[in-house]
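Dear colleague,

Please find the structure below, followed by some notes on what was found in it.

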Protein chains: 2
Amino acid sequence: MKAFRFHNPTVLYYGAGQIEAHLAAEVRKYGSRVLLVYGGGSIKRFGLYDKVTGILKNAGCTVFELPGVEPNPRLSSVRRGIDICRNENIELILAVGGGSVLDAAKAIAAGAKYNGDVWDFYTKRAVVQDALPLGTILTLAATGSEMNGNSVITNWETKDKLSTGSPHLYPKFSFCDPANTVTVPRDQTVYGIVDMISHVFEQYFSPTPHTPLQDRLCEAVMRTIVEHAPRVLEQPDSLEARETMMYCSTMALNGMISMGMEGDWATHNIEHEISAIYDIPHGGGLAIVFPRWMEYVVDAGVEKFYQMAVRVFDVDPAGKTKRDVALEGIGRVKTFFRSIGAPSSLADYGIGGENIPVMAEKAVRFGPIGRFKVLHKEDVERILSACL
Amino acid sequence: MKAFRFHNPTVLYYGAGQIEAHLAAEVRKYGSRVLLVYGGGSIKRFGLYDKVTGILKNAGCTVFELPGVEPNPRLSSVRRGIDICRNENIELILAVGGGSVLDAAKAIAAGAKYNGDVWDFYTKRAVVQDALPLGTILTLAATGSEMNGNSVITNWETKDKLSTGSPHLYPKFSFCDPANTVTVPRDQTVYGIVDMISHVFEQYFSPTPHTPLQDRLCEAVMRTIVEHAPRVLEQPDSLEARETMMYCSTMALNGMISMGMEGDWATHNIEHEISAIYDIPHGGGLAIVFPRWMEYVVDAGVEKFYQMAVRVFDVDPAGKTKRDVALEGIGRVKTFFRSIGAPSSLADYGIGGENIPVMAEKAVRFGPIGRFKVLHKEDVERILSACL
């Protein structure tokens with residue numbers, strides 16, 4: 001492993017009854033002027049909005065609202081939120097929703113404390129130095145945003161989907177109750193599953209040598225996702241199945257399974273270019289790109305793909321070359337994605353090859369991407385072409 | 001899993017060069033009057049003392065010292081440390097050593113902010129409400145004390161070895177460099193290995209149902225310890241092998257692998273009664289007691305023992321009853337302990353049965369122990385008798 005610094009300051013509340021028992025006290029640590037950030041209204045349909053605003057009002061908070069944050073959250077929404085923070089002297093942002101809502105709230109938290117344009121953080125023109133305190137109530141098992149310092153935002157004027165990260169962007173507290181995810185529709189559930197396992201792939205396929213425990217921790221999360229995903233799709237109202245998926249999604253990207261490992265993240269970069277132009281769900285894009293990335297880079301580290309095949313997918317290595325076992329493992333990833341109903345090619349979204357050169361160009365705008373195998377523009381073009 | 005709150009605030013620095021790069025800045029966050037707590041002098045022999053005091057002095061700190069903290073750290077040493085803190089207005093305690101030094105430093109940190117006797121925290125007469133800031137530099141892979149809020153102290157006047165825990169006792173920062181463990185003697189290395197895998201056992205054998213990811217995370221740590229322990233004993237100066245053991249010991253007891261699971265901890269309770277009377281190494285006692293505890297409680301949860309046997313020790317279940325597979329797994333634990341040279345019975349330390357009733361009585365002083373199976377005095381007596 002590499003030398004590392006690890007610090008995850010988020011206070012995590014998991015399970016039933018935690019919002020009722022602890023939300024008011026957590027909020028009051030930071031102030032009483034709260035900006036509630038949420039999405040398309042499902043939190044109103046299922047009663048979470050009433051519960052949370054009731055608790056905030058009983059706690060003496062003045063609540064301002066930014067509703068309507070989109071999937072693939074937009075810079076325009078972020079800017080509206082920043083204006084509210086500045087005009088109303090917001091002391092705490094409370095994001096109630098899935099990863100998009102949380103990521104938008106992080107952008108607002110950083111932008112409200114910055115004298116320039118918040119987009120600077122995503123274009124790498126500036127580094128986050130400060131942020132408003134942020135709390136979250138999660139309603140979708142997917143991004144892990146509830147316990148990390150990452151944020152992804154889309155600028156629709158320029159069709160750019162970019163990410164930033166900072167120690168200042170970790171939520172101060174996050175409430176994860178699987179009961180708030182039982183109404184998530186099937187397609188969103190599937191995209192969440194793809195997203196969480198993809199996060200583990202990005203960390204697992206690392207150029208860092210000698211990470212035996214980290215490898216096994218990553219494999220633990222992958223294997224649990226693969227085993228339990230069918231259950232949550234068969235029984236979407238099973239609290240137990242939802243709980244397992246929610247907990248996997250948090251552990252998949254809170255840094256705990258890959259300390260001292262350099263991640264790859266090329267696939268996320270490539271997918272962001274697709275959804276930045278076509279506005280497809282991030283998880284759908286990942287299900288298409290990841291197996292093709294794996295096939296493209298397998299020879300950069302056959303051993304690691306072999307290890308995944310044997311340890312996560314129980315591929316029998318007897319009488320096979322390591323490379324064949326590795327490829328069989330990649331085949332199992334495809335089979336898994338197909339089995340849960342995820343898309344398998346860009347054609348599934350009616351996307352053709354016309355923008356591949358543009359997407360490839362933008363994917364490497366900050367330089368070559370990927371660490372397991374470094375990818376240049378032409379590599380990205382080949383991977384995208386394989387996705388058609 | 002159960003509903004839970006998780007917060008691990010420790011800033012963890014791992015690997016080479018981190019002390020030189022970051023210790024001064026971390027210390028300065030808390031003040032300049034530092035109490036350096038350490039053990040028997042190995043940190044002086046191997047240069048760590050000079051390195052650390054040099055950094056502290058360059059950072060403008062006034063350094064006070066509490067040397068000579070014992071294995072199975074003693075209340076008398078803790079009281080000396082508390083006196084120094086009070087008399088010298090100490091602002092930060094810096095513990096340099098293994099788990100005993102760190103645990104003593106935690107007791108000092110709590111005691112210095114308490115108007116009563118620090119032993120009250122261990123006898124459950126008081127709860128830690130505040131503590132001096134504590135930083136650590138770890139020199140032994142074993143207890144996980146560098147990233148948790150636990151402390152175990154022995155009162156030699158009463159022959160009581162008791163533990164306490166508090167959110168206030170998490171180190172503010174910990175530096176773990178495997179290079180500082182390469183000179184650890186073979187017996188201490190072995191005891192550390194037993195201690196770390198025992199910590200995972202205590203969490204894994206839980207009464208909490210439905211913890212599929214937590215189970216696999218625990219298995220990841222157990223399996224890595226079992227696979228890599230022989231390497232560190234064969235090549236004690238291998239930085240890579242030391243690194244793996246050190247990282248396993250931290251992950252084994254920082255709370256990350258067992259969120260929402262109730263631990264058992266009966267074996268630790270029982271072992272503490274042995275070392276409180278006979279002053280044997282904690283890891284040595286655990287190697288004796290744990291397999292006997294497993295055999296005694298196996299029927300309280302055959303399924304979990306079966307799972308460990310298959311997933312951690314690759315026991316082939318074909319044609320066997322679940323209970324037979326479970327027992328075979330317990331046999332593999334014994335084999336593992338024997339293979340690394342750990343003791344296997346109290347006779348190895350020349351300990352007979354004369355104090356078994358006293359030890360059993362004291363083990364349940366606060367009520368029955370254990371959660372996987374609740375143990376009363378007579379259960380503890382039977383387990384201890386099996387250890388003779």
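A turn of 180° with a shift of 0.0 Å along the axis lays chain A on chain B at an RMSD of 0.0 Å, the superposition being by least squares on the C-alpha atoms of residues with pLDDT of at least 70 in both. That is the relation of a two-fold axis. The copies meet through the same surface, because 100% of the interface residues of chain A are also interface residues in chain B, where contact requires C-beta atoms, placed from the backbone, to lie within 7 Å.

This is a predicted model, in which local features need pLDDT of at least 70 and side-chain atom pairs count only at pLDDT 80 or more, while totals for chains, interfaces and linings use all residues. Residues are numbered from 1 along each chain as its sequence is written, and chains are lettered from A and ligands numbered from 1 in the order in which they are written.

One open sheet draws on both chains: its seven strands, with mixed pairing, follow the order β1(A)-β2(B)-β9(B)-β6(B)-β5(B)-β3(B)-β4(B). Strands are DSSP runs of E with at least two residues, and helices runs of H or I with at least four, numbered from the N terminus; two strands pair if DSSP finds at least two bridges between them. At the edges stand β1 (4-6) of chain A and β4 (62-66) of chain B, each with a single partner strand, so one side of each is left without a neighbour in the sheet. Between β1(A) and β2 (residues 11-14) of chain B, which run antiparallel, there are three bridges, and Arg5(A) stands opposite Tyr13(B) in β2(B).

Best regards

Note on methods:
Contact = placed C-beta atoms within 7 Å.
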